[in-house]
Amino acid sequence: MHFFLDTANLTEIEDALAWGVLSGITTNPTLVSREEGAFEPLVQKICSFMQGNPVSVEVLATTVEGMIDEALRLSALAPNIVVKIPMGVEGLKVVSKLSRGEKKVPCNVTLVFSVNQALLAVRAGASYISPFIGRLDDIGWDGAALVEEMAAVFRCQKIATPIIAASIRHPQHVQRVAAAGAHIATVPYAVLKQLADHPLTNLGMERFLADWSRSRGKTSL
Ligand code: G3P
C-alpha cells in the first residue's frame, strides 16, 4: 500500500518527503483554506515538490460545464495534477467527459460512501476512487468495512482502479485498510507521525542509551 499525505501544507510535505515514504498528495477545499497565499502558486509548489507523483486538487464548481472548465484549468497547472471530482450524477458526467476527451485528465472521484458509487465511478472512467472512512465512523458506521467490501468487489470484478482510503483519523484505520487491500491510504501528517511511533520503541532506545552511558559514560560511539 502506498502512502499519500492529505494536506496542502508545504512544511508538512517537505518533512514527510524526507522520510522516503510518500507517493502522492491529496488536498481538498478545507485543507487549502487553512493555508496562506494564492491558490494556484500553492498548487504549483506542491506539484513541484512531488516531482511526478500525483497531486489531487478538487474542483469547486457544481455544474458539469463549470467543473470541466475548472478541471482543465487545474490540469494545466502541472503535469502531475489529478482533478478531484465529487461523486454524483453531475460528477460522473464530468469524469466521463474528462477521461474520454482528447486531453485525458486523470480524475479522483471523492466523497464516495458506498460500493455502488465506486462501481459507477470506475465505469465512468475514474483514475482513483476515494472512500471517506472517518466520516462514516462519524455517523456510527464502520468506515474501514466499506474499504474491505470495496476491495473485495474490485478483486472479484477484476477492477484495477486504485482505491485511496481517505478521511483517515488514526493508525488503526491505516492498518485495517491495508489488510483490506486498499492501494493507497491518504493520511494527515499527524497520523503519519503516529504510524512511525511506538511507546516500546522509545522506551527501548532510552534503555539502550542509559545502559551505554552507565558503562561508557558518554552517549556517542
Ligand atoms: O481526503 C479526504 C479527507 O481530507 C477528509 O478528511 O477528516 O475531513 O473527514 P476528514
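These are my notebook entries on a predicted model, taken one topic at a time.

**Entry 1: the sheet**

I began with the strands. Eight of them make up an open sheet, and its order reads β6-β5-β4-β3-β2-β1-β8-β7. The pairing is parallel. Which strands stand at the edges? I found β6 (128-131) and β7 (164-165) there. Each has a single partner strand, so one side of each is left without a neighbour in the sheet.

Then I looked up one pairing inside the sheet. Strand β2 (residues 22-26) runs parallel to β3, and two bridges join them. Across from Thr-26 I found Ser-56, which belongs to β3.

**Entry 2: helices α4 and α5**

Next I checked the length of helix α4, which covers residues 64-75. It has 12 residues, and at 1.5 Å a residue it should span 16 Å. Its end C-alpha atoms turn out to be 16 Å apart, which agrees.

Which residues of α4 are buried? I listed Val-64, Gly-66, Met-67, Ile-68, Glu-70, Ala-71, Leu-74 and Ser-75. Then I asked what these buried residues pack against. Their partners are two helices, α3 (39-50) and α5 (89-100), and two strands, β3 (55-58) and β4 (81-86).

Since α5 had come up, I followed it too. It lies across β4 and β5 (107-112), and it runs at about 150° to β4.

**Entry 3: cysteines**

How many disulfides are there? The count comes to zero. I took Cys-47 as my test case. The closest cysteine sulfur to its own is in Cys-107, 15 Å away, and that is too far for a bond, because a disulfide needs the two sulfur atoms within 2.5 Å.

I also looked up whether Cys-47 and Cys-156 are buried or exposed. Cys-47 counts as buried, because its relative accessibility is 4%. Cys-156 counts as exposed, because its value is 58%.

**Entry 4: aromatic pairs**

Two numbers do the describing here: a pair of aromatic rings is given by the distance of the centres and the angle of the planes. My count came to two aromatic pairs.

One of them is Phe-4 with Tyr-128, an edge-to-face pair at 6.5 Å centre to centre, with 65° between the planes. It links distant parts of the chain: Phe-4 sits in strand β1 (residues 2-6) and Tyr-128 in strand β6, 124 residues apart. Both Phe-4 and Tyr-128 are buried.

Phe-113 and Phe-132 form another pair, again edge-to-face, with 5.9 Å centre to centre and 65° between the planes. Phe-113 is in the loop between β5 and α6 (115-124), while Phe-132 is in the loop between β6 and α7 (133-138), so this pair ties together parts that are 19 residues apart in sequence. I checked the burial of each ring as well. Phe-113 is partly exposed at 28% relative accessibility, and Phe-132 is buried, with a relative accessible area of 7%.

**Entry 5: positive phi**

Last, I went through backbone angles. Where does phi take a positive value in a residue other than glycine? I noted Leu-111, with phi near 60°, and Lys-158, with phi near 55°.

Leu-111 has its place in strand β5, and at 31% relative accessibility it counts as partly exposed. Lys-158 is in the loop between α8 (143-156) and β7. At 74% relative accessibility, Lys-158 counts as exposed.

Definitions and conventions
Residues are numbered from 1 along each chain as its sequence is written. This is a predicted model: local features need pLDDT of at least 70, side-chain atom pairs count only at pLDDT 80 or more; totals for chains, interfaces and linings use all residues. Side-chain values use heavy atoms; hydrogens and water are left out. Helices (H or I, at least four residues) and strands (E, at least two) are DSSP runs, numbered from the N terminus. The expected span of a helix is 1.5 Å times one less than its number of residues. Buried means under 20% relative accessible area, exposed over 50%, partly exposed in between (1.4 Å probe, protein chains only). Contact means heavy atoms within 4.5 Å. Two strands pair if DSSP finds at least two bridges between them. Axes are lines fitted to C-alpha atoms, for helices over the stretch in contact, and angles run from 0 to 180 degrees between N-to-C directions. Rings of Phe, Tyr and Trp (its six-membered ring) pair if their centres lie within 6.5 Å; planes under 30 degrees apart count as stacked, over 60 as edge-to-face and the rest as tilted.
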